[in-house]
Structure formats: C-alpha cells, structure tokens
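Hi there,

Here is the structure I promised to pass on. Please have a look when you get a moment, and my notes are underneath.

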Amino acid sequence: MLPQLAGLLPGGDNIVSLIFQVVFTGFFVVFMFYGQRIQMMVMLREVESHLRRLKLIRDDGRKVAMETIKEIGKPVGDPTERIDQFLEYIAIAPQSMDPSGIVWKLEHVLDVRDVRFKDEVKLMAPEADEAQLNNLENTLEAAMALNMIYKVIRHFYLLGKKTLSLYIIMQIQMVLPLIMQQAEAYAQALRAFSVGQPIGDGAGALVAATLMQGYETREIARDVVAATVPIDGRTAYVLKAKGPGGNVGKPGDGIRQIIKEKKGKISTIIMIDAALKLEGEKPGEIAEGVGAAIGGPGVEQFKIEDAILKNKIPVNAIIVKQDIGDAVSPMRKEIFDAVDPVIKRIKRLILERTKKGDNVIIAGIGNTIGIGQ
Amino acid sequence: MTDSVKPVRKISPFLLVIILIGFILSLSALFIAVQSLIEQTDILNSYSFLAIGFFGLALSVYMLLQTRGKPMHVTLELPKVITTLECPKCDFKNIRDFQKEDYIFKETVPCQKCNETMTITAIYREAKKKK
C-alpha cells in the first residue's frame with residue numbers, strides 16, 4: 001500500500017500519481033480564483049431549495065384558505081381572484097418624524113385595516129357567522145404572512161443572483177433556518193385557524209375564560225368581554241377577547257373602561273399572556289413580574305400604561321412560555337396544563353397585594369380562537 | 001401570485017464533474033490492478049489498487065445517488081388534537097378527536113350517564129411520542 005500512497009505525492013512515477021497531481025493542481029487553481037463564486041453558488045442553491053419549499057408552503061396555505069372559504073362561506077361566484085388580491089394587501093404605517101400622537105394614528109390605521117379585512121371576508125364568505133368570520137380572517141392573515149415571507153426571500157434570492165453579491169446572499173442564507181421555522185409555524189397556524197382550534201397564544205384568554213366560568217359576561221369594549229368575579233373577598237374584573245372566533249380584541253380599551261367605571265379605584269392589575277421562551281426553557285413554564293404583558297404593535301400596551309400611570313395602579317404580569325411554533329399552532333398539553341398553576345399564582349398575588357373589598361383587574365391577553373367564555 | 005423562480009436542476013454540473021473525475025480515477029486504478037494481476041507482476045500493489053478502485057467507484061456511485069433530485073412535498077405533520085368533554089353533574093369524561101366547531105366551554109351533547117349537557121373542558125394537541 002505504501003508505494004501507492006507515496007505515489008499520490010509529487011515525485012511518484014506511475015500514471016495514477018500523475019493524474020492525482022494534475023487534479024490536485026487543478027483544484028488548487030480553481031479554488032484560488034473561483035473559491036468565492038463556488039461558495040456563492042452553494043449558498044444560492046441552498047436558498048433556492050428553501051425557496052422552493054417556501055413556495056410549496058405558501059401555495060398549500062392559499063389552497064387551505066380557499067377551500068375553507070368555499071366550505072364555510074358558500075360564496076356565489078369564484079372567490080379566487082378576491083383572495084389573491086387580499087393576499088397582497090398592505091397597511092402603511094404612519095409617519096413618525098413627529099412622534100407626538102403617533103399611537104392614535106397607528107390605532108386608526110389598524111382599525112381601518114381591521115374593518116376593511118372584515119368587510120372583505122364578509123364579501124368572500126357571505127354565509128359565515130361572526131366566529132367563523134373571525135376564524136376566516138385569521139386564516140387569510142396567516143396565508144398573507146406566508147405569501148409575504150415567500151416574496152421577501154424570493155426578492156433577496158433574485159437580487160443576490162442578479163448582483164452576484166456574496167453579502168446579499170449570505171445575509172439571507174444565515175437567517176433562513178429562523179425564517180423556515182416561522183413559515184412552518186404559520187402553516188400550522190393556518191390549519192388551526194381554518195378549523196377553529198385553540199392556539200398557544202390563547203393561554204391568557206384561557207385563564208380568563210376559566211376564571212369567568214359561571215359568571216355573566218358583558219361586552220366592555222370592542223371585541224372584549226368582562227365578568228365580575230368574587231375572589232377571596234375582593235372583586236375581580238376578569239376580561240378577555242370575545243370568543244370563540246379568532247380575535248385579540250382591544251384589551252387596552254377594556255382595562256381603561258373598567259378603571260373609568262371604578263373611578264380609578266383599582267388596587268392592582270394582573271395581566272396574563274403567552275410569551276416567547278428561550279431555547280432550553282420548557283413550554284408551559286410560568287414566570288411572574290411587573291409591567292403590561294401584551295404584544296402586538298404596541299397601541300394596546302400604550303393605552304394600558306397610560307391609564308395605570310394616571311391612576312398609579314400597580315400592574316403585575318404572569319407569562320406562559322412557549323416558542324413561536326407553539327404560539328400559533330394548536331395548543332400543547334403543557335400550555336393547557338399551565339392554566340391551573342397560573343390561577344393559583346393569581347390568587348396568591350391577590351392575597352398578597354390587595355386587601356378585602358379591593359377591586360382587581362385580571363386581563364387574559366391573546367388570541368381567543370377556540371375558547372369561549 | 002406570479003412566480004419567476006425556475007425549478008432547481010437535478011444535479012449541479014460542478015458536482016457532476018467531481019463525481020466524473022472520481023469515477024475515471026477509480027476506473028484507472030481498477031485497470032492498473034487488473035493489468036498487474038493478469039501479468040502477475042507486483043501482486044501486493046495490484047491488490048491495493050483494486051481496493052482503491054472499488055472504494056472510489058462505490059463513493060462515486062453513492063455521491064451520484066445522493067445528488068439525485070427527490071420530489072419535494074410539503075410534509076407538514078398535522079398534530080392530533082384532542083377534545084375532552086365533561087359532565088358537570090356526574091363528572092363523566094369523554095375524550096375524542098377534535099371536530100370542527102368544537103371550542104372550550106361549549107355545551108355539547110347530553111351525558112351518556114345522567115343526560116345532563118356536557119361541556120368541552122379541554123382542547124389540546126397530543127404530545128409527540130419520542131422515538
């Protein structure tokens with residue numbers, strides 16, 4: 001064997017060693033001049049294969065949305081064109097050069113968008129009831145997100161190919177695993193929305209719904225219901241988005257309304273929401289703290305913070321941890337099982353932080369799809 | 001919804017060239033080995049060449065098979081979702097697959113035992129079994 005190995009090195013005198021030398025030199029020269037281009041080709045190929053998968057996911061999402069609308073909404077004509085137009089829908093954020101009053105401008109844009117979405121869905125699915133309309137709206141929003149992800153990745157892929165810029169391709173290739181994870185989460189969400197299954201993000205709404213069981217509810221703000229629940233001698237105003245359709249409501253308005261009704265006499269606010277976990281943390285883990293536990297574009301959080309500041313009300317937060325995939329896909333058992341421990345913590349907080357006869361607000365934040373009240 | 005992404009080529013030409021070079025080298029090693037064996041010269045080296053040749057050939061074929069384009073499907077695993085119904089009177093529990101229009105706290109069918117209306121108390125995704 002040794003002579004052959006020696007032959008592979010320069011100085012060997014057989015034909016194989018000669019071929020190996022030529023090939024080795026060839027590789028060296030090719031990689032010296034075209035190394036970066038080869039690296040770029042490999043990256044482009046990887047992006048291309050992911051892009052193909054994204055396209056399949058996007059097309060599948062569109063198909064599911066279409067089938068659901070046809071099945072539930074019983075449209076008169078073919079809704080395909082309208083759905084395709086809907087998937088390209090845009091909302092332009094307000095100008096922030098003069099940030100004063102931007103929250104209300106953003107709220108207005110979001111309200112207009114919401115009304116427009118609901119009207120569009122009603123036209124697409126005239127036979128759907130209110131909860132189904134909300135579910136269809138959520139389904140279409142997930143399909144829209146998938147369409148947007150696909151188009152952004154395609155944009156960078158084609159731009160990278162056109163400019164042959166390693167850095168354009170590299171930046172998209174580096175974030176691709178996270179984007180694919182997000183796309184797959186949205187694909188799961190789309191299916192959950194289409195059939196109205198509760199999702200992980202609804203953990204807060206589920207806690208509130210459990211607390212308000214057996215008590216009368218009233219609509220306190222747009223798409224927000226509240227119930228008055230006695231807990232250990234205190235009066236708790238429990239609120240959540242109106243279910244069981246896919247809805248997050250306007251909890252900020254709900255909390256403000258209760259504060260107004262009680263003339264600011266609220267001892268504490270407890271907000272329960274789903275929050276993104278870090279890798280290594282278990283889904284369904286609970287954490288406690290202070291501050292307004294609410295996501296989204298920030299309008300509702302601003303409203304809550306504004307109201308509590310004016311009335312100097314302490315705000316406590318309880319979060320149920322989960323990853324992005326769990327937050328938008330059918331609720332995991334671990335997250336469902338977190339409801340009882342969260343209620344225990346709420347009761348403990350009320351006992352520790354308030355006196356008998358006090359008023360407390362308990363706000364279950366999140367999408368209430370598949371959760372009644 | 002227009003698409004301008006061309007389908008991916010099944011095999012990259014760059015990889016194909018590498019496989020081809022490997023294949024030719026393996027064949028030449030086999031040729032040298034067979035020639036040495038027929039001529040009964042340098043038997044020990046010819047066996048080494050034979051091993052190198054077969055190894056190279058197997059590697060080239062393996063790489064070629066690995067690069068063959070496989071049809072791509074969206075394999076999104078749909079999780080099994082469970083609905084639990086409970087009777088508020090006799091605590092009878094019924095666990096079944098999720099059905100459309102189920103939602104938590106929905107009052108559904110009468111209880112099999114006491115005829116009281118059952119309520120959906122839980123809807124959750126079944127945990128994946130670890131392999």
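Below is what I found, starting with chain B and then moving to chain A.

Please keep in mind that this is a predicted model.

Chain B first. It contains two helices and four strands, and from the N terminus on these elements run α-α-β-β-β-β. Chain B has 131 residues, and buried residues make up 33% of them. If you look at the contacts in chain B with a separation of 6 or more, 47% come from residues 24 or more positions apart.

Helix α2 of chain B covers residues 43-67. Its length makes a neat check: 25 residues at 1.5 Å a residue should span 36 Å, and the end C-alpha atoms are indeed 36 Å apart, so the two values agree. Several residues of α2(B) are buried, including Asn45(B), Ser46(B), Phe49(B), Leu50(B), Gly53(B), Gly56(B) and Leu57(B). Thr67(B) is buried as well.

Ser46(B) also turns up in another place. Ser36(B), which lies in helix α1 (residues 13-39) of chain B, touches both Thr41(B) and Ser46(B), leaving aside residues up to four places away in sequence. With a relative accessibility of 13%, Ser36(B) falls under the 20% cut-off and therefore counts as buried.

Now to chain A, where I looked at a pair of helices. The axes of α8(A) (residues 251-261) and α9(A) (residues 299-311) come within 7 Å and cross at roughly 20°. That angle is under 35 degrees, so α8(A) is roughly parallel to α9(A). The crossing of the two is left-handed. On the α8(A) side, the residues in contact are Pro251(A), Gly252(A), Asp253(A), Ile255(A), Arg256(A) and Ile259(A); they meet Glu300(A), Lys303(A), Ile304(A), Asp306(A), Ala307(A) and Asn311(A) in α9(A). By character, the residues of this contact divide into five nonpolar, two polar and five charged.

One last residue: Tyr215(A), which is found in the loop between α7 (203-211) and β1 (217-221) of chain A. Is Tyr215(A) buried, exposed or partly exposed? Its relative accessibility is 36%, between the 20% and 50% limits, so Tyr215(A) counts as partly exposed. Not counting residues up to four places away in sequence, Tyr215(A) touches Ala227(A), Thr228(A), Val229(A) and Pro230(A). Of these, Thr228(A) is 13 residues from Tyr215(A) in sequence, with a C-alpha to C-alpha distance of 7.0 Å.

Happy to talk it through whenever suits you.

Best wishes

Terms used
Residues are numbered from 1 along each chain as its sequence is written. Chains are lettered from A and ligands numbered from 1 in the order in which they are written. This is a predicted model: local features need pLDDT of at least 70, side-chain atom pairs count only at pLDDT 80 or more; totals for chains, interfaces and linings use all residues. Side-chain values use heavy atoms; hydrogens and water are left out. Axes are lines fitted to C-alpha atoms, for helices over the stretch in contact, and angles run from 0 to 180 degrees between N-to-C directions. Angles under 35 degrees count as roughly parallel, over 145 as roughly antiparallel, 65 to 115 as roughly perpendicular and the rest as oblique. A crossing is left-handed if the near helix is turned anticlockwise from the far one by less than a right angle, and right-handed if clockwise. Contact means heavy atoms within 4.5 Å. Ala, Val, Leu, Ile, Met, Phe, Trp, Tyr, Cys and Pro count as nonpolar, Asp, Glu, Lys and Arg as charged, and the others, Gly among them, as polar. The expected span of a helix is 1.5 Å times one less than its number of residues. Buried means under 20% relative accessible area, exposed over 50%, partly exposed in between (1.4 Å probe, protein chains only).
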